[in-house]
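The following exercises concern charged side chains. Please study the sequence and the structure before reading each solution.

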Amino acid sequence: MSKKGKKAKIPLSDEEQLLLFQQKLLAEEEMAKKKERLLNQFLKDKLAKEEQNSALNLNKINTQWRTVLREVKTRELHKDIEILSQTFERVVDCKDSVIKSLAKDLSEAEEQYAHALRSHLHNIDQLLALQRCRLGLLEENYNMELEALTKEFETERKTIIDQHEKEIRYLQDVFMAMEQNYIDSEYESKLEFQSMWDDLKNKNLEEKHFLRLQLENVVEDLWRRFQDALKNYTDATEDRKIAFETLKVKDEKSSKEIEAQMKKIQRLQDSIIILKGKIMVHNRESEEQNQDIRDDKELVLVQLRKLKAQRTQARGVSQENLVKLTLESNAALEALRKTVDKGEKILKLAEICRKFETEEEKVLPFYSSVLTPEEQEEIEKTDPEEFSEELAKAIADYTGMENFWKRYNKVKLEQLSLQHTRAQLLKINEKLRQMLRQYLDGISVSDEVLSQLNPLFIVNHRSNLPRPSSTPAAKPGDKKPPTTY
């Protein structure tokens, strides 16, 4: 043991000490770099973890906020749906009442129509009975007139036949007389010709040869005229004879046609009378039906106008309600958006303010109450029925935010107290500045300062300092401050 303790350390040279020191420095530098790298890596990992946590928390907050907004929106939509269902039921009730009234009017109109139809059918039956009586009377009159006309026709036919036979006999007599006259005139003309021929022959023997050719021409011309006259007579009588025969046949045919036409005319007159009666009846019926249809049309048009007016009114009301609902929904969306922005701002401010909270605020964030027991009892004794409905509803809505309002009131009181303290400190600071300015003015020497009263100049224990305008009220135990002049 003594030998080991006696061994002494070998002293190192300067170079070795320098190398050893450099090695230590390099080792320390490497350790420092290693620590720095580890610290950087730790900080990076911590930063990434914090970013992940912040993103996750933000997603959680967004999802919770979305659920809250969805619940609020669903409640609002449920309320809107209830309101719309009530309005729809009211409109449906109104429409049902209108339909019932229209159905009642329609049933009354159908009853009136049935009553009018029954009366119309009764009147038609009466008119048919009257028409049958009238037709019977007309038929009797027709039969009487037919007998009278047949008798008159027979007498007239007999007279026409007699007159026809008389005319035939007259024509035969005329024909025979004309034949006799023709024979007589021919004989006389022959005799006259012969006499003239003899006279001319006796008187004109000298001119016989000269006028022979002319007289022969004249004789031939006269003979031709005679032959033509004879032929014309025969042709004229032949035509009249043929016309007489044709007229006789035509008369028989005409008598038959007249009789047939008379029967046909009588039938046509009867059918015309019947058709006129039917036309009058149908016209009367059609006029009555058209009048009823016009009345029904007017009633339907009036009801249609009323229904159109009601429809336009309901459409206008629904349009106004839709516009109002749209405006209110837009306003609600805007208010919710503002509320969301305000809530986000409040959350951000709460995160910022949480850093500045004291230990006491972190441990006890809500104070119990600042009211005295007597005031608390008075509030408890207050009957909630005394409040108005809107105030009671507002109080019920804000009961869940009581802790928030406590913190808010606490912060507001601290703010007011700090503002009051700041105002007092500003006043003190202003006074100190004024006193410092007076002091600096008193120790400086200049024409401007000398022309004014010097606050530091004291004569007979009297100073030029201005007296304070307002002094605090002295307590009985306090001493009066010394007065300087």
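**Exercises on salt bridges and surface charge**

Lys190 and Glu186 are both found in helix α2, where four residues, about one turn of the helix, set them apart. The model in which they are examined here is a predicted one.

**Exercise 1.** Determine which interaction Lys190 forms with Glu186.

*Solution.* Step 1: a salt bridge requires a side-chain nitrogen of Lys or Arg within 4 Å of a carboxyl oxygen of Asp or Glu. Step 2: the closest N and O atoms of Lys190 and Glu186 are 3.8 Å apart, and the pair forms a salt bridge. Step 3: a search of the whole structure finds five salt bridges.

**Exercise 2.** Describe the pair Lys33 and Glu29 by its contact, its spacing along the helix and the accessibility of Lys33 and of Glu29.

*Solution.* Step 1: the closest N and O atoms of Lys33 and Glu29 lie 3.8 Å apart, in a salt bridge. Step 2: Lys33 and Glu29 are separated by about one helical turn, because they stand four residues apart in helix α2. Step 3: residues between the buried limit of under 20% and the exposed limit of over 50% relative accessible area are partly exposed. Step 4: Lys33 has a relative accessible area of 43% and is therefore partly exposed; Glu29, with 41%, is partly exposed.

**Exercise 3.** Establish how the side chains of Asp221 and Arg225 meet, and assign an exposure class to Asp221 and to Arg225.

*Solution.* Step 1: the two side chains, of Asp221 and Arg225, meet in a salt bridge with an N to O distance of 3.5 Å. Step 2: Asp221 has a relative accessibility of 26% and so counts as partly exposed. Step 3: Arg225 has a relative accessible area of 53% and is therefore exposed. Step 4: Asp221, Arg224 and Arg225 are joined into one network by salt bridges that share partners. Step 5: Asp221 and Arg225 both belong to helix α3, four residues apart, or about one turn of the helix.

**Exercise 4.** Which residues gather in a patch of positive charge on the surface, and which helix gives the most to the positive patch?

*Solution.* Step 1: the patch brings together Lys95, Arg305, Lys308, Arg311 and Arg315. Step 2: helix α3, residues 208–354, gives the most, with four residues. Step 3: Lys95 has its place in helix α2, residues 14–203. Step 4: the relative accessibility of Lys95 is 39%, so Lys95 counts as partly exposed.

Note on methods:
Residues are numbered from 1 along each chain as its sequence is written. This is a predicted model: local features need pLDDT of at least 70, side-chain atom pairs count only at pLDDT 80 or more; totals for chains, interfaces and linings use all residues. Side-chain values use heavy atoms; hydrogens and water are left out. Patches are made of residues with over 30% relative accessible area and no salt bridge: like charges are joined within 9 Å, nonpolar side chains (Val, Leu, Ile, Met, Phe, Trp, Tyr) within 5 Å. Accessible areas come from the Shrake-Rupley method with a 1.4 Å probe; for residues, only the protein chains shown count as cover. Lys and Arg count as positive and Asp and Glu as negative; His and the chain ends are not counted. The place of a charge is taken as NZ of Lys, CZ of Arg, CG of Asp or CD of Glu. Helices (H or I, at least four residues) and strands (E, at least two) are DSSP runs, numbered from the N terminus. Buried means under 20% relative accessible area, exposed over 50%, partly exposed in between (1.4 Å probe, protein chains only).
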